[in-house]
Amino acid sequence: MKKYTIFTAVVVASFLVLGACSTPAPTQVLPKLTFLHLAPMKFDVETVEIDILYKAPNDRVYIEDQFPTSPANAIRTWAIERLKPVGNVGSGTLRIIINQASVREHDLKLDKSFKGAFTKQQSIRYDMNIDVALELIDGAGKKVGFSAAKVDRSITTREDISLNDRDKRWFETTEKAMEDFNREMEANILQYLAGWLR
């Protein structure tokens, strides 16, 4: 009876160890990317439209859809939260055109030497490209104003990075790229579309 009890305890302990080893790492909850802390820019137009022209190429190196917040979704959020139509009926349209919102993954060449085997190396580079234009269309359908902003940002990650840390780096890259985009686009709006701000 004593042998049976010891055997049972060993088996139960083994299952507990196996269960602990197979427990996945907890999924992190990243913050929502928002621009509500910035003052809205009010335009003398009836409507604001968002037109996403960018389509990801059919190539596995384009991975923007894997990001916690893709560049295209970040730009859409920026447009909704920052650009507000306050004009009368028939006063026109502000059109946001997303020409480029890509993230391309590049494998980096690793050092295969003896020294490299003992070094945690940067193994992947991610290149983010954003290209957005604003068109102001009057009530007659004529384009009467234009502004644009382009942003490029790149990061690299180490070969031993965890999925949670990678996703955090991706989110931070989108956040910083959108800070650059917001700064450039706001400056260009004030320079080229100031006449339609209210």
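How many residues lie between S5 and S6 in their hairpin, and which residue in the turn has a positive phi? Five residues separate S5 from S6, and Gly141 is the turn residue with a positive phi, of about 90°. This report describes that hairpin, the sheet that contains it, and the helices and aromatic rings of the structure.

**Confidence of the model**

The structure is a predicted model. Its mean pLDDT is 88, and 82% of the residues reach 70 or more. Residues 1-20 are a stretch where pLDDT stays under 50, and for them the model has zero contacts beyond four places in sequence. Where pLDDT is low, the predicted coordinates should not be read in detail.

**The sheet**

Strands of a sheet pair through backbone hydrogen bonds, either parallel or antiparallel. In this protein, four strands make an open sheet in the order S2-S4-S5-S6, and the pairing is mixed. At the edges stand S2 (47-52) and S6, each of which pairs on one side only. From one strand to the next, the twist averages 15°.

The hairpin strands are S5 (residues 122-137) and S6 (residues 143-158); they run antiparallel and are joined by 15 bridges. Two positions illustrate how residues face each other across this pairing. Gln122 stands opposite Arg158 in S6, and Met128 stands opposite Arg153 in S6.

**Helices against the sheet**

Two helices can be placed relative to the strands. Helix H2 (residues 71-82) lies across S2, S4 (93-107) and S5, and runs at about 155° to S4. Helix H3 (residues 163-192) packs on the sheet and touches S5 and S6; the angle between its direction and that of S6 is about 155°.

**Aromatic pairs**

A pair of aromatic rings is described by the distance of the centres and the angle of the planes. A search of the whole structure finds three aromatic pairs. Two of them are listed below.

| Pair | Arrangement | Centre to centre | Angle between planes |
|---|---|---|---|
| Phe67 and Trp170 | stacked | 4.5 Å | 5° |
| Trp78 and Phe181 | edge-to-face | 4.9 Å | 75° |

What does the stacked pair of Phe67 and Trp170 tie together? Phe67 belongs to the loop between S2 and H2, whereas Trp170 belongs to helix H3, so the pair links parts that are 103 residues apart in sequence. Phe67 and Trp170 are both buried. These two residues also form one aromatic cluster with Tyr126.

The edge-to-face pair joins two helices. Trp78 lies in H2 and Phe181 in H3, so this pair, too, ties together parts that are 103 residues apart in sequence. Trp78 and Phe181 are both buried.

**Thr157 in strand S6**

Is Thr157, a residue of strand S6, buried or exposed? Its relative accessibility is 1%, and residues under 20% are classed as buried, so Thr157 counts as buried. Beyond its neighbours within four places in sequence, Thr157 is in contact with Gln121, Gln122, Ser123, Ile124, Tyr126 and Arg169. Among these contacts, Tyr126 is a member of the aromatic cluster with Phe67 and Trp170. Thr157 and Trp170 are 13 residues apart along the chain, and their C-alpha atoms are separated by 9.9 Å.

Methods: Residues numbered from 1 in each chain as written. Predicted model: local features only at pLDDT ≥ 70, side-chain atom pairs only at ≥ 80, totals over all residues. Heavy atoms only, no water. Pairing = 2+ DSSP bridges. pLDDT = per-residue confidence, 0-100. Contact = heavy atoms within 4.5 Å. Axes fitted to C-alpha atoms, helices over the stretch in contact; angles between N-to-C directions. Phe/Tyr/Trp six-rings, centres within 6.5 Å; stacked < 30°, edge-to-face > 60°. Buried < 20%, exposed > 50% of the residue type's maximum accessible area, 1.4 Å probe, protein only.
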